[in-house]
Amino acid sequence: EPTGHPTNLPTPHPTTARPSKQPTNEPTGRPVIVADDPDPVPAAVWVSLLDEDFSSGMGAFMPGGNIDVKYYKSVLGRKGLVRIQKNGLGSAISTSPIPFEHSYSKAKVTFSFYPNSMERRDQFCLEYNTDSSWIRSKCWSRNQFSNGKWYDNVSQDFSLPGGSSQLSIRFICAASSIHDDIIFDRVKLEAYIE
């Protein structure tokens, strides 16, 4: 069983059940018909934008940087993995912009990773982009994890600027050597409707 420090996902708020579409009588006796909403907006809830398990390649992610991003069909007891290495002439994985169907107030990335040969000053970072610039959400440094083990369901959320209509995410490796690796097994992206 994979080991790590899972972060429980928030439980979505229950949605309000739709009223019956059958005619009903008000005190006046006039029938009331409940019409279908052509474009209903869900109640406050986390909505899935991306769920990439790398089972058939890079999937929704693109490689970046001058050091090869490596795809593995099977390694470390799992199937479908992607490795990034040092930043600064290093490598990263990123998504294309994902268009929004609704207005979202924040986003959350949940992922599994395996650090290999990372040193004390090494780290890897999650960044996001809603227009034309990358914003750093969080970095995980070597003193927060140990090499040679899986960390599953690691979660990080961040607020989205008002009026955002799309979102890209990327992981970069800020390490000192091409032998310093972060390997990803699965990446999920969700957005929150207030």
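Student: Taking helices as DSSP runs of H or I with at least four residues, and strands as runs of E with at least two, numbered from the N terminus, how many of each does the protein chain have?

Tutor: The protein chain has zero helices and 14 strands, so its elements run β-β-β-β-β-β-β-β-β-β-β-β-β-β from the N terminus on. This is a predicted model, in which local features need pLDDT of at least 70 and side-chain atom pairs count only at pLDDT 80 or more, while totals for chains, interfaces and linings use all residues. Residues are numbered from 1 along each chain as its sequence is written, and side-chain values use heavy atoms, with hydrogens and water left out.

Student: What is the mean pLDDT of the chain?

Tutor: The mean pLDDT (the predictor's confidence in each residue, from 0 to 100) is 82, and 74% of the residues reach 70 or more. Over residues 1-35 the pLDDT is below 50. That stretch has 41 contacts in the model beyond near neighbours in sequence, a contact being heavy atoms within 4.5 Å. Where pLDDT is low, the predicted coordinates should not be read in detail.

Student: What share of the residues is buried?

Tutor: Of the 194 residues in the protein chain, 40% are buried. Buried means under 20% relative accessible area, exposed over 50%, and partly exposed in between, with a 1.4 Å probe and protein chains only. The chain exposes about 10,900 Å², an area from the Shrake-Rupley method with a 1.4 Å probe, and carbon and sulfur atoms supply 48% of it.

Student: Which residues have the most contacts inside the largest nonpolar core?

Tutor: They are Phe-111, Ile-169, Phe-171 and Phe-184, in a core of 36 residues. Such a core is a set of buried Ala, Val, Leu, Ile, Met, Phe, Trp, Tyr and Cys residues joined through side-chain atoms within 4.5 Å. Two or more residues come from each of β6 (78-84), β9 (106-116), β10, β12 (151-159), β13 (166-174) and β14 (181-193). The largest share, six residues, comes from β14. In soluble globular proteins, nonpolar side chains tend to be buried together.

Student: And what does Ile-169 touch?

Tutor: Leaving aside neighbours within four places in sequence, Ile-169 is in contact with twelve-odd partners that need not all be listed here; among them are Phe-61, Ile-93, Thr-95, Trp-134, Phe-158 and Leu-189.

Student: Since Thr-95 came up, where is it, and is it buried or exposed?

Tutor: Thr-95 is found in strand β7 (residues 91-95) and is buried, with a relative accessible area of 4%. Beyond residues up to four places away in sequence, its contacts include Leu-50, Phe-61, Met-62 and Leu-167.

Student: Which way do the residues of β7 point?

Tutor: Ser-91, Ile-93 and Thr-95 point one way, Ala-92 and Ser-94 the other way, and all are buried. In a regular strand the side chains alternate between the two faces of the sheet. Three bridges join β7 to β13, and the two run antiparallel; strands pair if DSSP finds at least two bridges between them. Within this pairing, Ala-92 stands opposite Ile-172 in β13.

Student: Changing topic: how many disulfides does the structure hold?

Tutor: The structure holds one disulfide, defined as a pair of cysteine sulfur atoms within 2.5 Å. Cys-125 and Cys-139 form it, with their sulfur atoms 2.0 Å apart. The link is right-handed, with 100° about the S-S bond. Cys-125 lies in strand β10 (residues 123-129) and Cys-139 in strand β11 (residues 135-141), 14 residues apart.

Student: What about Cys-173?

Tutor: Cys-173 is in no disulfide, and the nearest cysteine sulfur, that of Cys-125, is 8.7 Å away. Cys-173 counts as buried because its relative accessibility is 0%.

Student: Which residue in the loop between β9 and β10 has a positive phi?

Tutor: Ser-117 is found in that loop and has a positive phi of about 65° although it is not a glycine. At 33% relative accessibility, Ser-117 counts as partly exposed. Asn-153, in strand β12, likewise has a positive phi, near 55°, and is partly exposed at 37%. Most residues other than glycine have a negative phi, and most peptide bonds are trans.
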